[in-house]
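Visitor: I would like to look closely at one part of this model and then follow the links that lead away from it. Please take me through it in a single connected account.
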Amino acid sequence: MAITLPELPYAQNALEPHITANTLSFHYGKHHNAYVTNLNKMLEGSPLANESLEKIITEVKGDASKAGIFNNAAQVWNHTFYWNSMKPNGGGQPTGELADRINKDFGSYEKFAEEFKTAAATQFGSGWAWLVEDGGKLAVMKTANADLPLAHGKKALLTIDVWEHAYYLDFQNKRPDYIGTFLDKLVNWDFASQNL
Ligand code: MN
């Protein structure tokens with residue numbers, strides 16, 4: 001069974017005015033879709049073609065001859081995870097167990113937010129910033145290009161895409177404004193809590 005492009009969890013204009021339908025039409029409709037198409041082409045005739053994304057990623061990670069498969073499979077997974085990391089009228093602070101864990105492991109929500117913003121702003125070039133669970137502790141990490149926590153034995157709870165295609169149409173070169181808007185207006189803490 002081929003890998004398919006999952007439905008967006010909301011309408012393409014649902015994150016406006018922060019992230020526009022124009023951005024999502026390219027980011028979801030072109031970029032995410034292209035990763036799915038490329039991956040399926042690369043896996044034609046391979047036993048991996050019938051496996052889950054997670055299995056494909058784990059199988060080919062670190063194998064230089066399969067870097068194309070890794071990059072496309074990881075980008076399919078990362079983008080689906082990113083769409084779910086946002087919601088219309090999102091933003092603000094987490095509640096419940098996740099809030100307790102953030103307070104325990106970062107000191108406060110503000111300290112977490114500072115660390116997350118710094119990771120996202122300082123990822124040089126293309127990549128991702130993440131809230132992860134690592135050995136029972138919450139932590140922030142950043143990854144380059146298609147790389148993701150799964151390839152490092154960590155569990156992803158939340159992500160922001162900091163490739164320029166994620167924000168350039170709406171924020172131009174102002175990556176920190178995009179990151180601030182993500183946390184203040186878009187972040188989906190319900191999704192992060194479900195991943196705990
Ligand atoms: Mn992207």
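Guide: Helices here are DSSP runs of H or I with at least four residues, strands are runs of E with at least two, and both are numbered from the N terminus. The model is predicted. With those terms in place, the point of departure is Gly 107, which comes just after α4 and takes a positive phi of about 105°.

Helix α4 itself spans residues 96–106, and its buried residues are Leu 98, Ala 99, Arg 101, Ile 102, Asp 105 and Phe 106. Because these residues cover an arc of only 165° around the axis, they lie on the same side of α4. On the face turned away from that buried side, α4 carries the exposed residues Glu 97, Asp 100 and Lys 104. The packing partners of the buried residues are two helices, α5 (109–122) and α8 (189–195), together with the strands β1 (127–134), β2 (137–144) and β3 (155–161).

Of these partners, β1 deserves attention next. Buried residues make up 7 of its 8 positions, so β1 is largely enclosed by the rest of the structure. Strands β1 and β2 run antiparallel and are joined by 8 bridges. Across this pairing, Asp 134 faces Lys 137 in β2. The hairpin that these two strands form has 2 residues between them, and there Gly 135 adopts a positive phi near 60°. With β3, too, β1 pairs in the antiparallel sense, here over 6 bridges. In this second pairing Leu 131 stands opposite Leu 158 of β3.

Strand β3 covers residues 155–161, and Asp 161 is one of the protein donors of the manganese ion. That donor acts through OD, while His 27, His 79 and His 165 each contribute NE2, and these donors lie 2.0 to 2.1 Å from the ion. Along the sequence, the spacing of the donor residues reads H-x51-H-x81-D-x3-H. The pair His 27 and His 79 links distant parts of the chain: His 27 belongs to helix α1 (residues 21–43) and His 79 to helix α3, 52 residues apart. Both of these histidines are buried.

Another histidine of helix α1 is His 31. Its relative accessibility is 29%, so His 31 counts as partly exposed. When residues up to four places away in sequence are not counted, His 31 touches Phe 26 and His 165, the latter being a manganese donor. Pro 149 is 118 residues from His 31 along the chain, and the C-alpha atoms of the two are separated by 21 Å.

Helix α3, which holds His 79, covers residues 67–84 and includes Asn 72. Since buried means under 20% relative accessible area, Asn 72 is buried because its value is 9%. Leaving aside neighbours within four places in sequence, Asn 72 contacts Tyr 35, Asn 38, Leu 39 and Met 42.

Helix α3 also meets α2 (residues 53–60): their axes come within 9 Å and cross at roughly 145°. This crossing of α2 and α3 is left-handed. On the α2 side the contact is made by Leu 53, Glu 54, Ile 56, Ile 57 and Val 60, and on the α3 side by Ile 69, Phe 70, Ala 73, Ala 74, Val 76 and Trp 77.

Technical notes
Residues numbered from 1 in each chain as written. Predicted model: local features only at pLDDT ≥ 70, side-chain atom pairs only at ≥ 80, totals over all residues. Heavy atoms only, no water. Buried < 20%, exposed > 50% of the residue type's maximum accessible area, 1.4 Å probe, protein only. Contact = heavy atoms within 4.5 Å. Donors = N, O, S within 2.8 Å, 3.2 Å for Na, K, Ca; no water. Arc of directions from axis to C-beta. Pairing = 2+ DSSP bridges. Axes fitted to C-alpha atoms, helices over the stretch in contact; angles between N-to-C directions. Left-handed = near helix turned anticlockwise from the far one by under 90°.
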